[in-house]
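This report covers salt bridges, one charged residue in its setting, and the empty spaces in the model below.

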Amino acid sequence: MTDSVAARRLLALLLALRRGWDRLSAYLPLALMALLALVTYLLARQTPGLVGPQAPAAPRSEPDYFLRGFSIKNFDEQGRLKSEVFGQAGRHFPDRDVLEIDQPRVRSFNARGEPTVATAQRALSNGDGTQVQLIGNAVVVREPPSGAGSALRPRLEIRGELLHVFVETERVRADRPVEIRRGNDRYTADRMDFDNLDQQLQLQGRVRGQIAPRRP
């Protein structure tokens with residue numbers, strides 16, 4: 001009797017374990033999915049986020065290189081010197097492709113090889129050196145040609161606080177007061193446009209002039 005009761009209890013226990021295992025088997029996939037979701041969440045919190053596409057950074061208004069005691073020369077197709085820029089110090093700004101020069105001295109030559117010299121306290125030159133802004137005590141001097149033409153084209157000197165020099169077209173412009181000396185003549189104006197190729201000088205604003213008497 002005792003063995004029969006023990007056998008029935010063992011059988012009942014086995015049946016209960018089987019039913020419990022069946023229930024556990026039914027919920028096991030859900031438990032595994034929940035565990036996987038938890039692990040994925042924890043990994044996502046520990047992993048740095050991906051960097052999305054970014055717009056290219058805007059050029060900064062800071063120099064990308066510096067110059068000391070330098071000169072920059074430009075030549076034409078025949079190898080002749082067109083212009084030369086000297087500077088005590090220089091800074092290049094890539095966002096504007098502008099070279100800022102301290103104590104500049106600019107020499108340019110026309111088709112006849114005649115030089116024009118410009119100086120200032122500071123200058124701003126574009127990338128190819130075809131335009132130069134002279135700032136602070138700016139002076140542009142064109143010496144007279146040697147020979148018979150010197151009487152027709154006397155020495156020309158232009159002074160101002162801001163002069164814009166166009167090397168290729170041999171022009172000088174000013175939007176601020178200037179002083180012009182041509183030979184013994186002297187002029188002042190609020191604005192000026194000088195074309196060396198066409199030999200034209202346009203003065204605007206308050207214009208004053210002193211014309212020296214011509215020698216017979």
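Glu179 is buried, with a relative accessible area of 17%, where buried means under 20%, exposed over 50% and partly exposed in between (1.4 Å probe, protein chains only). The side chain of Glu179 meets that of Arg186 in a salt bridge, 2.9 Å from N to O; a salt bridge is a side-chain nitrogen of Lys or Arg within 4 Å of a carboxyl oxygen of Asp or Glu. Arg186 counts as partly exposed because its relative accessibility is 33%.

The model is predicted: local features need pLDDT of at least 70 and side-chain atom pairs count only at pLDDT 80 or more, while totals for chains, interfaces and linings use all residues. Residues are numbered from 1 along each chain as its sequence is written, and side-chain values use heavy atoms, with hydrogens and water left out.

The salt-bridge rule gives a count of 16. Three of the pairs are tabulated here.

| Pair | Closest N to O distance |
|---|---|
| Arg155 and Glu157 | 2.8 Å |
| Arg173 and Asp193 | 3.6 Å |
| Arg186 and Glu179 | 2.9 Å |

In the pair of Arg173 and Asp193, distant parts of the chain are linked: Arg173 lies in strand β9 and Asp193 in strand β12 (residues 191-195), 20 residues apart. Strands (E, at least two residues) and helices (H or I, at least four) are DSSP runs, numbered from the N terminus. Arg173 is partly exposed at 36% relative accessible area, whereas Asp193 is buried at 17%. For the pair of Arg155 and Glu157, the accessibility of Arg155 is 35%, so Arg155 counts as partly exposed; Glu157, at 9%, counts as buried.

Salt bridges with shared partners also join Arg91, Glu100, Asp102 and Arg122 into one network. Within this network, Glu100 sits in strand β3 (residues 98-102) and is buried, with a relative accessible area of 14%. The side chains of Glu100 and Arg122 are joined by a polar contact of 2.7 Å. A polar contact is a pair of N or O atoms within 3.5 Å; within protein, one must be able to donate a hydrogen and the other to accept it, and residues adjacent in sequence count only if both atoms are side-chain atoms. Leaving out residues up to four places away in sequence, Glu100 touches Ala89, Gly90, Arg91, Phe93, Arg122, Ala123 and Leu124, contact meaning heavy atoms within 4.5 Å.

Empty space was assessed on a 1 Å grid over the protein atoms alone: a cavity is a set of points where a 1.4 Å probe fits but cannot get out, a pocket is an open set with protein on both sides within 12 Å along at least five of seven lines, and lining residues have an atom within 4 Å of a point. Grid points are joined across faces, edges and corners, and a volume is the space filled by probe spheres set on the points.

The count is 1 cavity of 30 Å³ or more. The largest cavity has a volume of about 220 Å³. Its lining has 23 residues, of which Ser108, Thr116, Val140, Val165 and Val172 are the closest to its centre. Strands β4 (105-109), β5 (115-119), β7 (131-142), β8 (156-166) and β9 (171-174) each supply at least two lining residues.

The second largest pocket has a volume of about 190 Å³. Residues lining this pocket include Arg173 and Asp193.
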